[in-house]
Amino acid sequence: MAETRDQAVAFADIASSTRIYRELGDAAASAIANAFCARVAELVPRFGGRMVKTLGDEVMSVFPGAEEAVAAMSALHRDVAAAPPGGHVLQLHTGIDFGPVIVESDDLYGTIVNTAAYLAATGRAEQILTTQSVVDRLSPTTVPCARPIYTTRLKGHEHDSLIYEVIWQLDPGELTNRNPARLQYVPPDEGALLLSTDRITLSLNRQRPRVQLGRDAGNDLVLVDPFVSRRHAIIELEAVRFRLIDASANGTFVSFDGFGEEIHLLRGETLLHGSGRISLGRSFGDPLATPIAFRRDKRSLYRV
């Protein structure tokens with residue numbers, strides 16, 4: 001039976017994990033991700049927390065309070081920097097929020113969960129991002145470690161929110177000084193990405209951050225066309241944006257709604273925003289083209 005509790009939720013993610021998988025291969029990269037998850041599972045209970053679940057190389061944890069969550073994630077960053085899991089140097093980006101969460105069995109749901117995941121996704125490597133709700137609950141000795149850096153419009157909020165960075169490094173010389181004259185603005189979560197043909201609809205989000213398009217049956221989206229390469233292109237989630245990467249012989253054509261002419265990618269890449277169409281191997285003017293419609297879904301990236 002579901003119940004609501006005030007808790008701190010933290011997401012910790014390996015930075016540049018897509019590059020690690022490309023460079024090391026699936027088996028070696030998966031071993032590193034597993035070692036990282038095991039490290040989190042061992043560390044989190046020392047701060048009164050619980051590892052809720054893993055999402056590939058991202059780990060979700062829950063804590064009774066903000067102080068415990070900040071202490072745990074700071075310790076995790078220091079621990080990974082000092083003793084890399086799997087022997088491979090890693091950098092993390094982490095998000096923390098505090099407030100009412102829906103607890104059902106061993107899982108958690110709600111706006112607080114989505115916000116923590118969003119902050120982890122938008123943070124740079126080595127950053128811990130958090131909210132005013134967390135900072136307001138930190139002890140007098142911990143609160144000086146939080147500095148305001150961004151404003152953004154969080155899901156379900158009517159106004160911009162102030163986002164803080166938690167300083168976990170013991171050596172102040174490792175930090176970049178902030179210009180106090182101006183706060184930057186973090187891009188909002190514009191939602192998942194939907195891909196549709198007349199036969200299939202796929203949704204890309206944090207649970208499914210990558211799809212392969214091509215002629216082979218093993219692709220996530222298959223188009224049987226001699227102009228389509230066996231492994232033609234991929235679309236992958238990067239922070240809160242979706243990147244289309246062409247790897248084909250004939251290229252990939254992209255048309256954005258409201259922006260006129262098509263783009264021809266040949267071993268190139270582009271970000272997918274708003275809505276539009278994708279055609280593999282053929283221009284949209286070709287009567288044999290099979291367009292794939294895409295659009296950003298209004299649902300959060302972090303929901304299935």
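In the predicted model, aspartate 107 and lysine 53 form a salt bridge in which the closest N and O atoms are 3.2 Å apart. Because aspartate 107 belongs to strand 5 (residues 107-109) and lysine 53 to strand 2 (residues 50-55), this pair ties together parts that are 54 residues apart in sequence. Aspartate 107 is buried, its relative accessible area being 18%, whereas lysine 53 is partly exposed at 27% relative accessibility.

Strand 5, which carries aspartate 107, pairs with strand 4 in the antiparallel sense over three bridges. Within this pairing, valine 103 has leucine 108 of strand 5 as its bridge partner. The two strands form a hairpin with two residues between them, and serine 105 in the turn adopts a positive phi of about 60°.

Strand 4 has further partners. With strand 1 it pairs in the antiparallel sense over 12 bridges; here threonine 4 has isoleucine 102 in strand 4 as its bridge partner. Strand 4 and strand 6 (residues 128-131) pair instead in the parallel sense, over three bridges, and isoleucine 96 is matched with threonine 130 of strand 6. Strand 4 is largely enclosed by the rest of the structure, because 10 of its 13 residues are buried.

The largest nonpolar core comprises 31 residues, and those with the most contacts inside it are Phe36, Phe63, Met73, Leu76, Ile96 and Val134. Two or more residues are given to this core by each of strand 1 (3-14), helix 2 (26-43), strand 3 (58-63), helix 3 and strand 4 (92-104). Helix 3 supplies the largest share, eight residues. A second core, of 22 residues, lies apart from the largest one and includes Leu237, Leu272, Leu280 and Phe294. In soluble globular proteins, nonpolar side chains tend to be buried together.

Helix 3 covers residues 66-82, and its 17 residues should span 24 Å at 1.5 Å a residue; the end C-alpha atoms are 24 Å apart, in agreement with this expectation. Buried positions of the helix include Ala66, Ala69, Val70, Ala72, Met73 and Leu76. Two of these residues, Ala66 and Val70, are in contact with valine 134, which also contacts Ile96, Asp97 and Phe98 when neighbours within four places in sequence are left aside.

Two open sheets were also examined. One contains six strands in the order 11-10-20-19-16-17, with antiparallel pairing. Its edges are strand 11 (201-204) and strand 17 (263-265), each of which pairs on one side only. From one strand to the next, the twist averages 25°. Inside this sheet, strand 16 (residues 252-256) and strand 19 (residues 275-280) pair in the antiparallel sense over five bridges, with valine 254 opposite isoleucine 278 of strand 19.

The other open sheet consists of five strands in the order 13-12-14-15-18, and its pairing is mixed. Strand 13 (221-222) and strand 18 (269-272) are the edge strands, pairing on one side only. Strand 18 joins strand 15 (residues 241-246) in the antiparallel sense over four bridges; arginine 243 stands opposite leucine 271 of strand 18. Leu272, at the end of the range of strand 18, is also one of the residues of the 22-residue core.

A search of the whole structure finds 12 salt bridges. One of them joins the side chains of arginine 282 and aspartate 286, at 3.0 Å from N to O. Arginine 282 is buried, with a relative accessible area of 8%, while aspartate 286 counts as partly exposed at 21% relative accessibility. Both residues belong to a network of salt bridges that also includes Asp225. Another salt bridge connects the side chains of arginine 46 and glutamate 42, again at 3.0 Å from N to O. Arginine 46 is exposed, with a relative accessible area of 53%, and glutamate 42 is partly exposed at 46% relative accessibility.

Terms used: Residues are numbered from 1 along each chain as its sequence is written. This is a predicted model: local features need pLDDT of at least 70, side-chain atom pairs count only at pLDDT 80 or more; totals for chains, interfaces and linings use all residues. Side-chain values use heavy atoms; hydrogens and water are left out. A salt bridge is a side-chain nitrogen of Lys or Arg within 4 Å of a carboxyl oxygen of Asp or Glu. Buried means under 20% relative accessible area, exposed over 50%, partly exposed in between (1.4 Å probe, protein chains only). Two strands pair if DSSP finds at least two bridges between them. The expected span of a helix is 1.5 Å times one less than its number of residues. A nonpolar core is a set of buried Ala, Val, Leu, Ile, Met, Phe, Trp, Tyr and Cys residues joined through side-chain atoms within 4.5 Å. Contact means heavy atoms within 4.5 Å. Axes are lines fitted to C-alpha atoms, for helices over the stretch in contact, and angles run from 0 to 180 degrees between N-to-C directions.
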